[in-house]
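Grab a pencil and keep the viewer open. Each exercise below sets a small task and then walks through a solution.

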Amino acid sequence: RKHMHNHDAVFHIFEVIDQKASAMLTHISVMIAANALLLSTKSSGLLDILSVALLSAFILVALLSLRLLRFWSSLFPAEDAASRPANEVATQIENSFRDEIFYRGRLYRFALNATTLLTALSAVLMLLYGIERVLAG
């Protein structure tokens with residue numbers, strides 16, 4: 001992306017992460033609804049406990065994923081930026097953007113891996129609910 005100004009490239013990266021986080025939050029919402037729906041069926045207490053645990057884990061990952069959508073870094077230049085040398089402020093801004101991109105990248109990978117694992121566990125749980133219904137019926 002050599003044709004982009006440095007700030008344009010940073011904002012592009014933030015935009016890509018926002019899009020991916022939004023898609024992941026949509027998936028997490030569907031999985032929360034699916035696990036909540038399983039709780040409405042008559043089943044064993046163990047399956048209900050497992051479903052509540054998965055539901056809680058998905059909610060935690062959703063909350064972490066919301067952090068991906070927050071724009072400003074906590075390291076963005078303070079109010080005293082006008083009284084400091086411009087190159088010092090520019091360096092602080094660049095470092096802030098770099099640190100924020102690095103943090104969001106790590107958080108996104110963690111949330112994606114956690115979502116993948118929880119989705120697989122939810123599929124197994126749905127099979128267990130189905131097996132229980134067949135054996136009970």
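**Exercise 1. Find the partner of R67 and describe the pair.**

Step 1. R67 pairs up with E100 in a salt bridge, with 2.8 Å between the closest N and O atoms. The term salt bridge is used here for a side-chain nitrogen of Lys or Arg within 4 Å of a carboxyl oxygen of Asp or Glu. Before going on, note that this is a predicted model, where local features need pLDDT of at least 70 and side-chain atom pairs count only at pLDDT 80 or more, while totals for chains, interfaces and linings use all residues. Residues are numbered from 1 along each chain as its sequence is written, and side-chain values use heavy atoms, with hydrogens and water left out.

Step 2. Now place the two ends. R67 belongs to helix α2 and E100 to helix α3 (residues 86-136), so the bridge links distant parts of the chain, 33 residues apart. Helices here are DSSP runs (H or I, at least four residues), as are strands (E, at least two), and both are numbered from the N terminus.

Step 3. Check the cover. Both R67 and E100 are buried; that word stands for under 20% relative accessible area, with exposed meaning over 50% and partly exposed in between (1.4 Å probe, protein chains only). R67 counts as buried because its relative accessible area is 18%, and E100 does because its value is 5%.

Step 4. List the company. Setting aside residues up to four places away in sequence, R67 touches E100, Y103, R104 and L107, where contact means heavy atoms within 4.5 Å.

**Exercise 2. Work out which residues join R67 in a salt-bridge network.**

Step 1. Start from E100 and look along its own helix. R104 and E100 both sit in α3, 4 residues apart, or about one turn of the helix. An α-helix has 3.6 residues a turn, so residues three or four places apart point the same way.

Step 2. The side chains of R104 and E100 form a salt bridge, 2.8 Å from N to O. R104 is buried because its relative accessibility is 1%.

Step 3. Put the shared partners together: R67, E100 and R104 form one network.

Step 4. Which bridge is left? The rule gives 3 salt bridges, and one of them joins D99 and R98 at 3.1 Å, N to O. D99 is partly exposed because its relative accessibility is 31%, and R98 is too, at 49%.

**Exercise 3. Test the length of helix α2 and pick out its buried residues.**

Step 1. The expected span of a helix is 1.5 Å times one less than its number of residues. With 23 residues, α2 should span 33 Å, and its end C-alpha atoms are 34 Å apart, so the two agree.

Step 2. Residues 45-67 make up this helix, with R67 in it. Its buried residues are L47, S51, L54, L55, F58, V61, A62, S65 and R67.

**Exercise 4. See what M24 and L125 have around them.**

Step 1. M24 is in helix α1 (residues 6-39), and it counts as buried because its relative accessibility is 6%. Apart from neighbours within four places in sequence, M24 contacts S65, L68, Y108, A111, L112 and T115. Its C-alpha atom is 8.5 Å from that of A62, 38 residues apart along the chain.

Step 2. L125 is in helix α3 and is buried, because its relative accessible area is 3%. With the same kind of neighbours left out, L125 contacts N35, L38, L47, L50, S51 and L54. From L125 to L50 the C-alpha distance is 7.7 Å, across 75 residues of sequence.

**Exercise 5. Zoom out: how many helices and strands does the protein have?**

Step 1. There are 3 helices and 0 strands, running α-α-α from the N terminus on.

Step 2. Of the contacts with a separation of 6 or more, 80% are between residues 24 or more positions apart.

Step 3. Buried residues account for 29% of the 137 residues.
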